[in-house]
Amino acid sequence: MTETVAQKPKRPLPKSRVMVAAQTAKVYQDAWDAKARGEKIGWSTAIFPQEICETMGIPVLYPENNAAAISAKHLGDDLIAYAEGQMRYPMNICSYARLNLALAEKIQDPAYNTADPLLPSPDFVLLANNSCTQLMKWYEQLSHNLNIPIFFVDCLFNYDEEKPAAYKVTYIRKQIESYIAEMEKFSGKKFDWDKFLEVQKRSQINSKLFDDIIQLNTRVPAPVNGFDFFNYMSCLVLCRGKESTTEIFKQLKLEIEEHIANGTTSFPAKEEYRVHWEGIACWPNLGHNLKTLKNYGVNAVINGYVTAWNIVYEPGNLDSMAYAYATSSTNSLTTETIMNMRSDTIKKFDCDGMLCHVNRSCKMMTFHIFVGRNIVEEKTGVPCSNFDGDQSDSRVYSEAQFETRVQGLVEIMKENKEAKNG
Amino acid sequence: MVNLDSLFNELDTIAVNPRIALDKYLVSGKKVIGCFPIYTPEELVHAAGMIPMGLWGGQTTPSVAGQYAPIFTCSLLRSCLEFGMLGKYQGISAALMPMLCDTYRGVSGAWRVGVKDIPLIAFIHPQNRKLAASREFLAAEYGAVKTKLEAIAGHVISDAAIKNSIGVYNAHQAAIREFCEVANDHLDVVTPKIRHTVMKSSHFMEKGAHTAIVSQIIDKLKQLPIHQWKGKKVILTGITGEPDDLLDLFAENKIAVVGDDLAQESRQFRTDIPKCGGPLESLAQQWLDRTACSTVHEVNSSRGKLIVDLARKYGAQGIAICLMKFCDVEEYEYPMLVKAAEDAGIPSLSLEIDQSTMNNEQSRTKIQSFAEMI
């Protein structure tokens, strides 16, 4: 994920990006080293209470993040074809899942080295279904195919209220408690509650820092090309509780403040229009997305996906932590709640439009768009435009359609601006 | 005198056109609660003196649902949304919807926007079922559903009433299971379509009334001489084995259905409601006892074993995997099911189930070939 925009660098990478790359490489290397020592390593869904394994010093890697990175390097198609062919998974299931289920089988052959980054095979998986139900089915398959245990925190779905009822929070909190006890047994390591508190505090520092950074892009023109934020998501997905993430975010903040002080930006064109990007990135097509947006002077200054990893809770309070994991993913909330949040963000970031990725792999996000774009249009008055794509399956995306949709959106935004300016 | 044909016809009329049953209940002054599949606690509706009515969509080419539901929405829920938006469920007081998959999560929002005249009562089953906390949670969740149903019914739903309804539902399940057993001795009479009709119709009738009819069917079947079926036999697995035309293709090819793991059929009836604390805890425990289902989290799913065991028990030569189009939970399990059948040396057949088309030609060819193969 961190290397996505770096494939054709036009200028040296900022220091924060170099730090991200080093941190990600270290996480992978730590897992490979632990595996080589005969220690257990895990794979985890992206919004799992990672603080527990972080506290226990158990290496964990993240297939969603890994699938994004592989797709961005255009290395995913063969794996997806393998999942659909030899493994018989239907093409309608999530492309991250198809890619990863194939990879999980491929890496059983020690000679396999095509994917990059390459994951060591897991000894257990960590599952939280707050992003979607498909994660549960995907991890069931991993568990079944590799014959390894699942540690599961069922985060429910907030179907008609933003705030989960107390009995729901209790259910989730009890699962976290049970998971800690089970992981102690499984790993043979004692859980250190004091260290846990420190990891929780560090997670909160990092979440707050990242939120502060995102808010800097409310400035007009924006100091950051919104797509750049995709490059820093891995810090919160892989290393939310690490001090190295704090250092990266401090550096990133410095770089952005420098842009602000100098009146410069990382957006590679004049910012004519500001849009909210809705949905996951089209990782295999990121280059075309960015090039097209740049050509039309459209900066996707903010998107809900990069802010989905801020898990905000009170350190030392497990109920608060359970609540946070039940509500942090936008896919765990109702369409109305999400689109009200999006409307507020669009106003705050002074967006002229909303560009929605109808992601063939993500039913939840697509439903939010189909059901909720009217809410955004009514509340903000900005136009919304959809385009078809996928987070990993390159067959779904059409360059021509994307360009046409952006062009259409720009025409409306232009008319709106002209009308506004008289 | 009532004969088998008239009993089958009575159920067929309802299964083919549930609106007839709905109107009958509404005219009689009953309140009706729509129940989305599957594992919705109908017993609470029944205990409130209202009629739980299954919402299983139907064959239709959606014309309005696409406004809120993308093309890759599972065809069953897309049909339900279509019917709701077109007013075909008019008269239903509310709809109970379990958040069993991503499509449900999405359709819950679509329903609220698109079907404003039928309030939604959403609820969720706990999936981490090995902890005691999951039963406590689900009992509380069912309690919240009960409160909403009480507001519609206009009265409190007593524990005694729920216990009584649990008895009605357990008796119904037992009757359906017995019917499936007895049916296998009379495969000349109980065609795949009739077998399906008997079970499907139960979703649109008060369960006590349905049990009475099924019991009569069982009695009359038992009076017939046992038939030695000379054709082939299969097991069906999936969400539904519809439409009727698809089932007729099995009959045309001299294939009988001798067992199933369909969510619309036997999955509904194979797990009794146990006695477990209060009635809400009993209903919750039934969910915890369920296995071998794509909507239920289970480490090392027992579904492959279940369909193989069913095939062996009933002498089926093949397993037909009825794969609901765009049903992701089923699609994830597809390779596992094929492999389980292969490992057992039982041929399997994949059929696409799609409520948005009446065209079964692809299935016709597949079933014909399968009949020759098994």
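**Entry 1: contacts along the chain.** I looked first at chain B of this predicted model. Of the contacts in chain B between residues at least 6 apart in sequence, I found that 73% join residues at least 24 apart.

**Entry 2: overall form.** I then looked up the dimensions of chain B. The C-alpha trace spans about 55 × 50 × 40 Å along its principal axes. I compared the radius of gyration of chain B, 20 Å, with the value near 21 Å for a compact globule of 374 residues, and the two agree. I noted that 56% of the 374 residues in chain B are buried.

**Entry 3: secondary structure.** I recorded 15 helices and eight strands in chain B.

**Entry 4: one residue, Ser63(B).** I asked myself where Ser63(B) lies in chain B. I located Ser63(B) in the loop that runs between strand E2 (51-54) and helix H4 (75-85). Is Ser63(B) buried or exposed? Ser63(B) counts as exposed because it has 10 C-beta neighbours inside 10 Å, and a residue with 12 or fewer falls in that class. I also checked Ser63(B) against Asp23(B): they are 40 residues apart along the chain, and their C-alpha atoms are separated by 24 Å.

**Entry 5: the contact with chain A.** I asked how many residues each chain brings to the contact. Chain B gives 37 residues and chain A gives 41 residues. On the side of chain B that touches chain A, I noted helix H5 (102-114), helix H6 (132-153) and helix H14 (328-343), each of which supplies at least two residues. I sorted this side of chain B by class and obtained 23 nonpolar, 10 polar and four charged residues.

Technical notes
Residues numbered from 1 in each chain as written. Chains lettered and ligands numbered in written order. Predicted model: local features only at pLDDT ≥ 70, side-chain atom pairs only at ≥ 80, totals over all residues. Helix = DSSP H or I, 4+ residues; strand = E, 2+ residues; numbered from the N terminus. Rg over C-alpha atoms; globule rule 2.2 N^0.38 Å. Buried ≥ 20, exposed ≤ 12 C-beta atoms within 10 Å, placed from the backbone. Contact = placed C-beta atoms within 7 Å. Nonpolar A, V, L, I, M, F, W, Y, C, P; charged D, E, K, R; others polar.
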